[in-house]
Amino acid sequence: MLRGALAASVTPLTDHGSALDEEAFGPLVDFFVAAGLDGLLALGTAGEGILLSEAERRCVAELFLQASEGRLQVALQCGAQTTAETVRLAAHAAEVGANAVVVIGPPYFPLDEPAQYAHFLAAATACAPLPFYVYEFASTTGYAVAPAVLERLRSDAPNLAGLKVSDTPWDRFARYLLPGLDIFVGPEALIHEGLAAGAVGAVSALASAFPAEVAAVVRDPTPEGAERLGALRAFVERFPRQAALKRLLERQGVPVQGDVRGPLRALTSDEREELDAWHASLSA
């Protein structure tokens with residue numbers, strides 16, 4: 001079962017985002033380990049997973065697992081636009097030794113409760129008995145996973161372990177603090193409140209670039225610590241998120257390029273200068 005502080009990791013890319021940068025996975029994982037993280041979530045929102053081909057996603061999964069060598073929990077986000085692809089990716093995750101499968105609902109079509117249930121049940125069944133987590137992020141998918149769907153899944157999918165919840169504000173997050181399910185906090189500003197209410201950890205995009213800072217707040221959650229993380233995240237969100245996180249990694253000596261997969265875009269020169277100046281000011 002997943003626990004603690006996990007980075008919602010970026011995916012190293014090269015050639016203007018058209019190819020995987022396979023040589024960068026090892027240094028990236030080493031950076032996470034040295035910072036004290038417990039694990040990583042690959043191929044989520046920060047990881048551009050939905051933009052990669054199925055073959056690329058399989059390769060990314062294997063590269064992260066090989067690089068981690070058991071030093072980190074590795075959860076794989078297997079949600080795709082179709083149920084068939086989601087099922088294939090979930091089954092592959094179990095085959096290659098992931099610690100957990102995480103699935104976000106398919107974006108674009110607002111699935112009703114029967115469609116949500118069928119989709120998540122198929123994915124959970126495909127990776128059983130591997131722990132399975134639903135990834136709730138209504139502003140990204142365009143709809144919320146119904147709590148009633150989770151109740152049905154708990155009965156029919158024995159490997160349903162919990163959720164990663166990225167909804168804000170607190171009232172939208174809190175409705176997923178369901179008994180018997182492990183909840184991971186996505187919004188860094190809610191880490192203290194979420195852990196105090198029973199969440200078991202955090203899966204943080206900010207931890208891709210600030211892993212030690214996020215791990216420290218998960219280990220010793222305080223309102224002030226969560227507020228600091230929220231302020232860091234708010235500044236990063238002023239830029240294209242994936243490109244900004246990669247630039248911040250580069251500034252810390254991790255050989256991850258700023259390349260992203262279209263239609264996402266790289267930082268402009270002005271944005272790089274602004275982000276660099278802000279980052280430099282943090283340690284001044």
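**Cavities and pockets**

Reader: How much space lies in the largest cavity?

Author: The largest cavity holds about 50 Å³ of space. The model is predicted.

Reader: What makes this space a cavity?

Author: A cavity is a set of points where a 1.4 Å probe fits but cannot get out. The space of about 50 Å³ is therefore one that the probe fits into and cannot leave.

Reader: Which residues line the largest cavity, and how does the lining divide by class?

Author: The lining is made of L2, L41, A75, V102, Y133, L163, K164, F184 and V203. By class, eight are nonpolar, none is polar and one is charged. Lys counts as charged, so K164 is the charged residue here. Tyr counts as nonpolar, so Y133 belongs with the nonpolar residues.

Reader: How many cavities does the rule give?

Author: The count is two cavities of 30 Å³ or more. The second largest cavity, with about 40 Å³ of space, meets that cut-off.

Reader: Which residues line the second largest cavity, and which helices each supply at least two of them?

Author: L43, R57, R58, A61, L76, C78, L89, H92 and A93 form the lining. The helices are α2 (54–68) and α3 (83–96). R57 and R58 fall within the range of α2, while H92 and A93 fall within that of α3.

Reader: What makes H92 polar in this lining?

Author: His is in neither the nonpolar nor the charged list, so H92 counts as polar. The lining of the second largest cavity has six nonpolar residues, one polar and two charged. Arg counts as charged, so R57 and R58 are the charged pair.

Reader: How much space lies in the largest pocket, and which residues are closest to its centre?

Author: The largest pocket has about 390 Å³ of space. Among its 25 lining residues, F137, S166, D167, T168 and P187 are the closest to the centre.

Reader: Which helix gives the most to the lining of the largest pocket?

Author: That is α10, with three residues. Both α5 (138–141) and α10 (223–236) supply at least two. The lining as a whole has 11 nonpolar, six polar and eight charged residues.

Reader: What volume has the second largest pocket, and which residues are closest to its centre?

Author: The volume is about 280 Å³. Of its 16 lining residues, G44, T45, E48, I50 and T140 are the closest to the centre. By class, the lining has eight nonpolar, seven polar and one charged. Glu counts as charged, so E48 is that charged residue.

Note on methods. Residues numbered from 1 in each chain as written. Predicted model: local features only at pLDDT ≥ 70, side-chain atom pairs only at ≥ 80, totals over all residues. Heavy atoms only, no water. 1 Å grid on protein atoms, 1.4 Å probe; cavity = no way out; pocket = protein on both sides within 12 Å on 5 of 7 lines; lining within 4 Å. Points joined across faces, edges and corners; volume = space filled by probe spheres on them. Helix = DSSP H or I, 4+ residues; strand = E, 2+ residues; numbered from the N terminus.
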